[in-house]
Amino acid sequence: MSEVLLLGRRATREIVRYPEATIPTLFIPLFFLVVNIGQVSKTFPSSTPFLNGQGYVAFQLPVSLMFAVATATSGLALVTEIDLGYFDKLLVAPIRRSSIIFGRLTADLVRGVASSTLVLLVGIALGARIETGIAGALVIVALAAGFGVAYAGFGLLVALKTRNVQATQSSFLLFFPLLFLTPNFVPFNRLSPLMETLARINPVSYVIVGMRGLIIDGWNFGQIAVAVLVIVGLGAILTGLSLRVIATYDR
Amino acid sequence: MTFETTTYNSSDGFVVTSAADATAIAARALRRTFKDGIEAVRDIDLTVSAGEVFGFLGPNGAGKTTTVRMLCTLLPPTSGRATVAGLDVVENGAEVRRRIGVALQEIGLDPVQTGRELLELQCGLYGIAGQAARSRAAELLDLVGLSEAADRRTKTYSGGMKRRLDLASALVHSPDVLFLDEPTTGLDPASRLTIWDEVRRINAGGATVFLTTQYLEEADQLCDRLAIIDNGRIVAEGTPEQLKAEMGHDVVSVTVEGADVAATEAALSGLPGLERVVAEPGGLALYVDDGAGSIAEIVRRLERDDIRAGAISVARPSLDDVFLRATGRRLEGQESSGRDAEVTHE
């Protein structure tokens, strides 16, 4: 466990010392948030039924939160480490290989909490109101950070599998379809039948729905449980695969 | 045949080690074939005694790094076996990693951390925590002369500083066996000498050192024993003195200017005391009983056949000659280990 904390502390230090790696990942979601609201706020005034009296910013906020936390930053840091040779130094140390993965994920948790808190605060500044109050806001941050950790496993997997910086960098693009095949602009029932079907089978939708419920509608423990299930499931699959690949790396 | 027993198997000449005996590294029929079919290491046997500085000399691509990676548990052998500190590298990988220090050819430093942070983290990974880690890091920084740069990020370090820090990071846990893969490649001569001093000091402290190098002088200066590896095979092994002594006698280098090397070789065949002729770029190396005494006869024969020779020089054999005899070619990219330098030394 102490190995994970040591490696996690190092990875977190890296985030603080390389703000240029984190700032773009925050710029994009904040940019989308402002632009999307600007474009459709007249189409969806606060009288729109699914907004429950709030501005469109409340509806869009979960999407921006997802963008803010779903990054390939950890994967990039790992593949850079492989490239530089420091990864070999870690492999030859008497530590469990899984610690290298969990150390990276620890930093993802820290980054996820910081990024989602910032985006949430910007959303509130732009007029969103968290229906479930501070407790709800904490759950939203936890869900977003948890999703960030789960998703980071994908970047780590690509980094370990390809050992290629460009491939790891572009792996982030794979998240775009997953984020857009969701009820990101309107609820499920306002989507075309095909899009609704796709959105309903896309597990990412349920994380957005869970967070959105906490902002707009109030406590819905069923929705939250489904969101948690998706996050845990995704995390288990991607982290599990990364652990398997690192365990057999060059073996 | 189990590998981790404590018996000494003299019938096949392979020392199966225990922690108590004096063999630090042993390999038998160690082989690594990569997926693309490249046979990087082909059935090498070697035994390194505890406390030795053992050198692995060879050109780029000879199989040095692959061997080190197998011995360090980073790469599994395709076949064959190896023990380090008495432990099988495949079956007891975790325990081997606890006993060894490794500085690979690719300097393994995290550019975002400072030298001190990196060493303290390295201590932590080896179970040295808190004040003990801080003291050990400070001690090692002092040892490798990096105390002043300790709180700068490693990306600001020069090549020599990075090598020294990498070396320090391999020493945090006072390993029994230290692997150094081309520790001075790319360094300026002054930094190279500093690393040599460090290696000698580490070895004097009791650690066995296994180092790879493509520098003849490094092998000559640092190693108690060495093996020459070429094309994945060990082609010569012994102390530098033994290897040179096995060459016998003198080496006369004849530089041929524009003349046919084959014709020159024909002209010199049957030279009294000639043991061996090896063609090399631009000339011939003649291994003779009496170098100085042969020059007159060499010149006479070349004049007889109307062959224009450039320079003719005589020297004692160097490791380069050993390499040439073992592999049929010279080790490329040498800087200061030619025969003339050898004459000056001896």
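Which helix of chain B lies across strand 11 and strand 12, and at about what angle does that helix run to strand 11? Keep in mind as we go that this is a predicted model. The answer is helix 11, residues 319-327, running at about 40° to strand 11 of chain B.

To see what that helix is sitting on, let's walk through the sheet. Chain B has an open sheet of 6 strands, and their order is 8-9-10-5-11-12, with mixed pairing. Strand 8 (100-103) and strand 12 (233-238) of chain B are the edges, each pairing on one side only. Ignoring direction, neighbouring strands are turned by 15° against each other on average.

Now zoom in on the end of the sheet that helix 11 of chain B crosses. Strands can pair either parallel or antiparallel, in both cases through backbone hydrogen bonds. Here, strand 11 (residues 225-230) and strand 12 of chain B run antiparallel, joined by 5 bridges. If you want a spot to click on, try B:A227, which stands opposite B:E237 in strand 12 of chain B.

Another helix packs on this sheet too: helix 1 of chain B, residues 64-71. Helix 1 touches strand 5 (53-57), strand 9 (177-181), strand 10 (208-213) and strand 11 of chain B, and its direction makes about 150° with that of strand 9.

Finally, look over at the other chain. On the chain B side, 21 residues are in contact with 18 residues of chain A. Helix 2 (93-99) and helix 3 (115-125) of chain B each supply at least two residues of that side. Sorted by class, the chain B side has 13 nonpolar, 4 polar and 4 charged residues.

Technical notes
Residues numbered from 1 in each chain as written. Chains lettered and ligands numbered in written order. Predicted model: local features only at pLDDT ≥ 70, side-chain atom pairs only at ≥ 80, totals over all residues. Pairing = 2+ DSSP bridges. Helix = DSSP H or I, 4+ residues; strand = E, 2+ residues; numbered from the N terminus. Axes fitted to C-alpha atoms, helices over the stretch in contact; angles between N-to-C directions. Contact = placed C-beta atoms within 7 Å. Nonpolar A, V, L, I, M, F, W, Y, C, P; charged D, E, K, R; others polar.
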